[in-house]
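Trainee: I would like to take one close look at a single part of this model and then see how that part fits into the rest. Could you go through it slowly with me?

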Amino acid sequence: MSPPRYGSSFWIALPIGAAVMVFGAIGLIGDLGVGGGVEVGGWLVGADVAHDFVLAPLACLVGAAVARALPRWCRAPTQAALVTSGVLLIVVFPALRGFGRDQVPDNPSVQPLDYTTATLTALALVWAAAGVWLLARLATAGRGRRRPRTRATPGGHPMSQR
Amino acid sequence: MIEQTTPRIFTGSLRDERTAALLGVALGVTFGVCFVTGVLSHLIQDPPSWFQWPSRPAGLYRVTQGVHVATGLASIPLLLAKLWVVYPKLFAWPPFRSVAHLVERLAIFPLVAGGVFELFTGLADTHIWYPWPFNFRAAHYWVAWITIGALVVHIGAKWAATRAALFAGDASATAPPPTEHTSAFDRRTFMTAVFAAAGAVTLFTVGQTVAPLRKLAFLAPRRPDSGPQGFPVNRTAATAGVVDAAHSPDYRLRVEGKVHRKLAFTREELLAMPQHEATLSISCVEGWSTTQRWRGVRVRDLLTHAGSASDAEVRVDSLQRRRAYRSSDLNRWHAHDPDTLLALQVNGEPLDLDHGYPVRLIGPNRPGVMQTKWVTRLVVR
């Protein structure tokens, strides 16, 4: 890894950014008090830990497992659909669990849908799109194999590159 | 110079400077948009002496806050992808190689923690879900400043590297393309997947404010056409504790403060006054909006009756006794806008109790929390 170099941009940005951070921290404690600031600090650490030591390892494990389990030709659409599905589940999970709705039981306009059905519909659309992509890839690859190859591939047949 | 290495378990070719730079630029744009629109919303709700939010164009706040929430939601896949690309650097050894490098890495903590915190608290707020003990608005606002400060430091540190990565040409373009049709994720596929995820999030939620897409808003916590009288409610009359006061025969709308004549009206007396109609949006800070046809008395007509100054400002008080947003301010532009109404009816029906019966404030270019419901008093200043 090449060593990082710090030009003038870093030394200009550092005091500006630090001043903005201090402004934010002072404002936070001014509005919420020291106790509130500590609570927010705890949630900040929690947010970082939740990503770095729960979500990210989980994503790496799932990605590695999929890469091992699936043949190469269907990996990209599957992984793309998995990424999209995961993000959609993050966005909808409060509604799936009824978080928020349970705090306002007399207000049916909060989370008004059947989110299980809604989520399954959204995921079905995502996986249908991935399927179309996969078929398009297969069709292109099939045409590519029938034509004489213009570029020599080291190692012969593409599949041997696995 | 000390060499720094990352664990050999991370072998993916995607985890390179160029992918990180592309996602970094995208995130810089989305976080910048969220920050500017968020600070604007904060200024509108809590204006300092130097800031006056105009009442026109009528739909401006609907756009800025819709953009704030939609951009924040679309940032979720961008941030996760960026963190996935740079994840091995978290375990780099030794952890730093110079004082400047240490400072740069320390500033990454408030950046990552603040970024995840802002997106999570923002997402939860759109669901009116508050699993934390502190005030959402204060925490979301001030942590945004901390995050943006850390982002400024990060941009300064990565400026040269980002430019080099973006403008030095695509390194992978010169690499042999051995398995072009059968390969797994190359960079282009990865970026396509990330932006497809951002697009899917947007497509399935943005209909909460973009009415033509409302049928596709499968994953949105609100629908502009769902609720009493066909549109949503944020706080019900029962939650606000105003049910009895709203139906009481003693209810009056009072006009007080710096006026020549103090006024008091029953709802029937207000209905007997000249009525004005306007098509206006409730544009909630949570990112949903709904446009309805309102009918009621102009605030400026009441001010004229009371004999107040032509540049008067007004505080609008609700029957609600506790909690935030029980009153809102009309600056001189909002107080005198011809479409700023004390609405008695919506779409030809008397207001539902949950929409502010007997009288609610509705005006152009205002956050939903400042469209005070169950209005009982105008205090002229």
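Trainee: Leaving aside its neighbours within four places in sequence, which residues is Phe91(B) in contact with?

Mentor: Please keep in mind that this is a predicted model. Once the neighbours within four places in sequence are left aside, Phe91(B) is in contact with Phe53(A), Thr5(B), Pro7(B) and Phe10(B), and this list includes a residue of chain A, Phe53(A). Phe91(B) itself sits in the loop of chain B that runs between helix H2 (60-86) and helix H3 (99-126), and with a relative accessible area of 31% Phe91(B) is partly exposed, because that value falls between the 20% under which a residue counts as buried and the 50% over which a residue counts as exposed. For a sense of distance, Trp333(B) is 242 residues from Phe91(B) in sequence, and the two C-alpha atoms are 56 Å apart in space.

The loop that holds Phe91(B) has another feature to look at, since Trp93(B) and Pro94(B) are joined by a cis peptide bond with omega at about -5 degrees, and Pro94(B) is likewise placed in the loop between H2 and H3 of chain B. A cis peptide bond also joins Arg56(B) and Pro57(B), again with omega at about -5 degrees, and there Pro57(B) belongs to the loop between helix H1 (17-45) and H2 of chain B. Such details deserve a second look because most peptide bonds are trans, and most residues other than glycine have a negative phi. On the matter of phi, Ile128(B) has a positive value near 55 degrees although this residue is not a glycine; Ile128(B) is found in the loop between H3 and helix H4 (136-167) of chain B, and Ile128(B) is buried, with a relative accessible area of 11%. In chain A, Gln111(A) has a positive phi of about 50 degrees, lies in the loop between H2 and H3 of that chain, and counts as buried at 6% relative accessibility.

The contact with Phe53(A) leads on to the interface, where 80 residues of chain A are in contact with 85 residues of chain B. The size of an interface is often given as the accessible area lost when the parts come together. Here chain A and chain B bury about 7100 Å² between them, and 74% of this area is on carbon and sulfur atoms. On the side of chain A that touches chain B, helix H1 (8-69), helix H2 (75-97) and helix H3 (115-146) of chain A each supply at least two residues, with the largest share, 31 residues, coming from H1(A). Sorted by class, that side of chain A has 51 nonpolar, 18 polar and eleven charged residues. Between the two chains the count of salt bridges is zero, whereas 15 residue pairs, both members at pLDDT 80 or more, are found in polar contact across the interface.

Finally, place the loop within chain B as a whole, whose secondary structure comes to eleven helices and ten strands and whose C-alpha trace spans about 80 × 45 × 35 Å along its principal axes. Of the 381 residues in chain B, 56% are buried. One of these is Cys34(B), buried with a relative accessible area of 15%, and its sulfur is 16 Å from the closest cysteine sulfur, that of Cys284(B), which is too far for a bond. Over all chains, the structure holds zero disulfides.

Technical notes: Residues are numbered from 1 along each chain as its sequence is written. Chains are lettered from A and ligands numbered from 1 in the order in which they are written. This is a predicted model: local features need pLDDT of at least 70, side-chain atom pairs count only at pLDDT 80 or more; totals for chains, interfaces and linings use all residues. Side-chain values use heavy atoms; hydrogens and water are left out. Helices (H or I, at least four residues) and strands (E, at least two) are DSSP runs, numbered from the N terminus. Buried means under 20% relative accessible area, exposed over 50%, partly exposed in between (1.4 Å probe, protein chains only). Contact means heavy atoms within 4.5 Å. Buried area is the accessible area (1.4 Å probe) that two parts lose on being put together, summed over both. A salt bridge is a side-chain nitrogen of Lys or Arg within 4 Å of a carboxyl oxygen of Asp or Glu. A polar contact is a pair of N or O atoms within 3.5 Å; within protein, one must be able to donate a hydrogen and the other to accept it, and residues adjacent in sequence count only if both atoms are side-chain atoms. Ala, Val, Leu, Ile, Met, Phe, Trp, Tyr, Cys and Pro count as nonpolar, Asp, Glu, Lys and Arg as charged, and the others, Gly among them, as polar. A disulfide is a pair of cysteine sulfur atoms within 2.5 Å.
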